[in-house]
Amino acid sequence: MSAKTEPGSTASRAGKHSANSVPTIEAPRLTQPISFTVPGKPSGKGRPRFVNGHVYSPDVGNFQARVATFAVQAGLKPVEGPIAVGVYIYRRMPNSWSKRRKALMPGLLAVGKPDIANVVCACHDGLTGVAYFDDQQVSKDMGSSRVWAEEDKTIISVCRTEGI
């Protein structure tokens, strides 16, 4: 016995995709971000160290602690759910540069150490327990950049995402 299907039933469309059958992913809605500035030179997340059978990652220059301190001062409190984080690094121009070069460079992308990915990782670890309970909650990168400026500082923006 063969089963008959009507044209338009799900059985007749098996293996085919129509505009209605493809699931849509709703874009996350962001709440109002809270931004704060961490003054001073940023440092990247240190490499893991192994001592007497224990593993730890050093907080180079106490950067993670400074991130946590300024986040608390900005009024951040740990929340559950997905979080979006943006990290914007401003690096001081070297004293060896001429006045003319220094006048041309503010706002242009900067290269060098520390690695931008390691600074972002250190920021995420510094915000753990302050802006969120676990850095696995960071589900959206609002952007990260490193540019030349008159002074060293890091601006961090954190907001809750909805609709994910």
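1. Let's start with the overall picture. Of the 164 residues in the protein chain, 29% are buried. Please keep in mind as you look around that this is a predicted model. The accessible surface of the chain comes to about 10,800 Å², and carbon and sulfur atoms account for 55% of that area.

2. Next, the fold. The protein chain has three helices and seven strands, and if you walk along the sequence you will meet them in the pattern β-β-β-β-α-β-α-α-β-β. Look also at the contacts with a separation of 6 or more: 83% of them join residues 24 or more positions apart.

3. Now for the inside. Nonpolar side chains tend to be buried together in soluble globular proteins. Here the largest nonpolar core has 21 residues, and F36, V67, L76, V85, L127, I156 and V158 are those with the most contacts inside it. Two or more residues come from each of β2 (34-39), α1 (63-73), β5 (83-92), α3 (116-127) and β7 (153-162). Which element gives the largest share of this core? That is α3, with five residues.

4. V67 is a good residue to click on. Setting aside its neighbours within four places in sequence, V67 is in contact with F36, V38, C123, G126, L127 and I156. Apart from the largest core lies another one, of five residues, including W97, M105, A110 and W148.

5. A word on charges. The structure holds one salt bridge. R91 and D152 form it, with their closest N and O atoms 3.2 Å apart. R91 sits in strand β5 and D152 in the loop between β6 (138-149) and β7, so the pair links distant parts of the chain, 61 residues apart. Are these two residues buried or exposed? R91 counts as buried, at 11% relative accessibility, and D152 is buried too, with a relative accessible area of 16%.

6. Finally, the cysteines. A disulfide is a covalent bond between the sulfur atoms of two cysteines. How many disulfides does the structure hold? The number is zero. For C121, the nearest cysteine sulfur is that of C123, 9.3 Å away; a disulfide would need the two sulfur atoms within 2.5 Å, so C121 and C123 do not form one. The surroundings of the two residues are worth a look as well: C121 is partly exposed, with a relative accessible area of 32%, whereas C123 is buried, with a relative accessible area of 0%. You have already met C123 above, among the contacts of V67.

Terms used
Residues numbered from 1 in each chain as written. Predicted model: local features only at pLDDT ≥ 70, side-chain atom pairs only at ≥ 80, totals over all residues. Heavy atoms only, no water. Buried < 20%, exposed > 50% of the residue type's maximum accessible area, 1.4 Å probe, protein only. Core = buried A, V, L, I, M, F, W, Y, C linked by side-chain atoms within 4.5 Å. Helix = DSSP H or I, 4+ residues; strand = E, 2+ residues; numbered from the N terminus. Contact = heavy atoms within 4.5 Å. Salt bridge = Lys/Arg side-chain N within 4 Å of Asp/Glu carboxyl O. Areas by Shrake-Rupley, 256 points an atom, 1.4 Å probe, with all protein chains shown as cover.
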